[in-house]
Amino acid sequence: MKNPETESSAVIGFGVRAHLASELHAEGDIEVYGTIEGDIRCQSLLVGSSGRISGSVIADSVEIKGHSASEITAGHILLRDGSEARGNIGYTTITVDAGATLNATLTRIEPTATTADAAIDDPGAQAATDE
């Protein structure tokens with residue numbers, strides 16, 4: 001288990017009826033177990049089975065167990081059994097488990113070591129990945 005005093009991470013967990021509508025920028029990891037309507041920029045994103053995200057996501061890695069209706073740009077994307085991903089997805093590598101639902105436009109991007117770092121430092125960096 002990660003120590004929040006020594007690790008850079010955030011866990012977003014809400015009740016069934018609560019949600020967050022905002023932008024999240026983190027230098028570390030984010031775990032989502034509620035609903036986020038907004039933009040997320042981080043090193044690693046985990047959308048738990050009860051998680052739902054809509055907006056744009058820029059991260060080095062994204063693991064989805066819940067639902068995503070987002071524009072995602074990530075180095076590695078993993079869609080777990082029972083997950084659903086819709087939208088536009090830019091990826092370097094993508095893994096789709098049996099039982100996952102993928103209904104998205106996929107675009108392979110060249111690997112970069114600083115995708116999430118650049119997005120955190122410069123929120124306009126996503127435009128550079130779109131070209």
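Among contacts between residues at least 6 apart in sequence, 12% join residues at least 24 apart in this protein chain, and that figure is a useful one to keep in mind while turning the model in the viewer. The model is a predicted one, and the tour below begins with the whole chain before moving to single strands and residues.

**The whole chain**

Colour the chain by secondary structure, and 2 helices and 10 strands should appear, in an order from the N terminus that reads β-β-β-β-β-β-β-β-β-β-α-α. Switching on the surface shows an accessible area of about 7,000 Å², of which 48% belongs to carbon and sulfur atoms, while buried residues make up 37% of the 131 residues in the chain.

Now colour by pLDDT, for which the mean over the chain is 79, with 69% of the residues reaching 70 or more. Select residues 1-6, where the pLDDT is below 50 and where the model has 3 contacts beyond near neighbours in sequence. Select residues 118-131 as well, since the pLDDT stays under 50 there too, and the model has 19 contacts beyond four places in sequence for this stretch. Where pLDDT is low, the predicted coordinates should not be read in detail.

**From strand S5 to strand S8**

Select strand S5 (residues 35-37) together with strand S7 (residues 52-64), which run parallel and are joined by 3 bridges; here Ile36 stands opposite Ile53 in S7. Add strand S6 (residues 40-47), which also runs parallel to S7 and is joined to S7 by 7 bridges, and look for Ser44, which stands opposite Ser61 in S7.

Moving along the chain, S7 and S8 run parallel and are joined by 12 bridges, and one position to select is Val62, whose bridge partner in S8 is Ile77.

**Ile72 and its surroundings**

Stay with strand S8 and select Ile72, which lies in this strand. Is Ile72 buried or exposed? Ile72 counts as buried because its relative accessibility is 1%, against a cut-off for buried of under 20%. Show the residues around Ile72 that lie beyond four places in sequence, and the contacts found are Val57, Val62, Ile64, Ile77, Asn88, Ile89 and Gly90. Next, draw a distance from Ile72 to Ile58, two residues that are 14 apart in sequence and have their C-alpha atoms 6.0 Å apart in space.

**From strand S8 to strand S10**

Select strand S8 (residues 67-79) with strand S9 (residues 84-96), a pair that runs in the parallel sense over 12 bridges, and find Glu71, which stands opposite Asn88 in S9. S9 in turn pairs with S10 in the parallel sense, over 8 bridges, and the bridge partner of Ile89 in S10 is Leu106.

Keep Leu106 selected, a residue of strand S10 (residues 101-108), and look at the outside of the model. With a relative accessible area of 38%, Leu106 is partly exposed, and together with Val96 and Leu102 this residue makes a nonpolar surface patch of about 210 Å².

**The salt bridges**

The last stop is a set of charged side chains, for which a search of the whole structure finds 3 salt bridges. Side chains of opposite charge can pair when their charged atoms come close.

Select Arg80 and Glu63, which form a salt bridge with their closest N and O atoms 2.8 Å apart. This pair links distant parts of the chain, as Arg80 sits in the loop between S8 and S9 and Glu63 in strand S7, 17 residues apart. Arg80 is partly exposed at a relative accessible area of 32%, and Glu63 is also partly exposed, at 22%.

Then add Asp97, whose side chain meets that of Arg80 in a salt bridge with an N to O distance of 3.5 Å. Here too the pair links distant parts of the chain, with Asp97 in the loop between S9 and S10 and Arg80 in the loop between S8 and S9, 17 residues apart. Asp97 counts as partly exposed at 24% relative accessibility.

Finally, select Glu84 and Arg86, which form a salt bridge with the closest N and O atoms 3.3 Å apart. Return from there to Glu63, Arg80 and Asp97, which are joined into one network by salt bridges that share partners.

Technical notes. Residues are numbered from 1 along each chain as its sequence is written. This is a predicted model: local features need pLDDT of at least 70, side-chain atom pairs count only at pLDDT 80 or more; totals for chains, interfaces and linings use all residues. Side-chain values use heavy atoms; hydrogens and water are left out. Patches are made of residues with over 30% relative accessible area and no salt bridge: like charges are joined within 9 Å, nonpolar side chains (Val, Leu, Ile, Met, Phe, Trp, Tyr) within 5 Å. Accessible areas come from the Shrake-Rupley method with a 1.4 Å probe; for residues, only the protein chains shown count as cover. A salt bridge is a side-chain nitrogen of Lys or Arg within 4 Å of a carboxyl oxygen of Asp or Glu. Helices (H or I, at least four residues) and strands (E, at least two) are DSSP runs, numbered from the N terminus. Buried means under 20% relative accessible area, exposed over 50%, partly exposed in between (1.4 Å probe, protein chains only). Two strands pair if DSSP finds at least two bridges between them. Contact means heavy atoms within 4.5 Å. pLDDT is the predictor's confidence in each residue, from 0 to 100.
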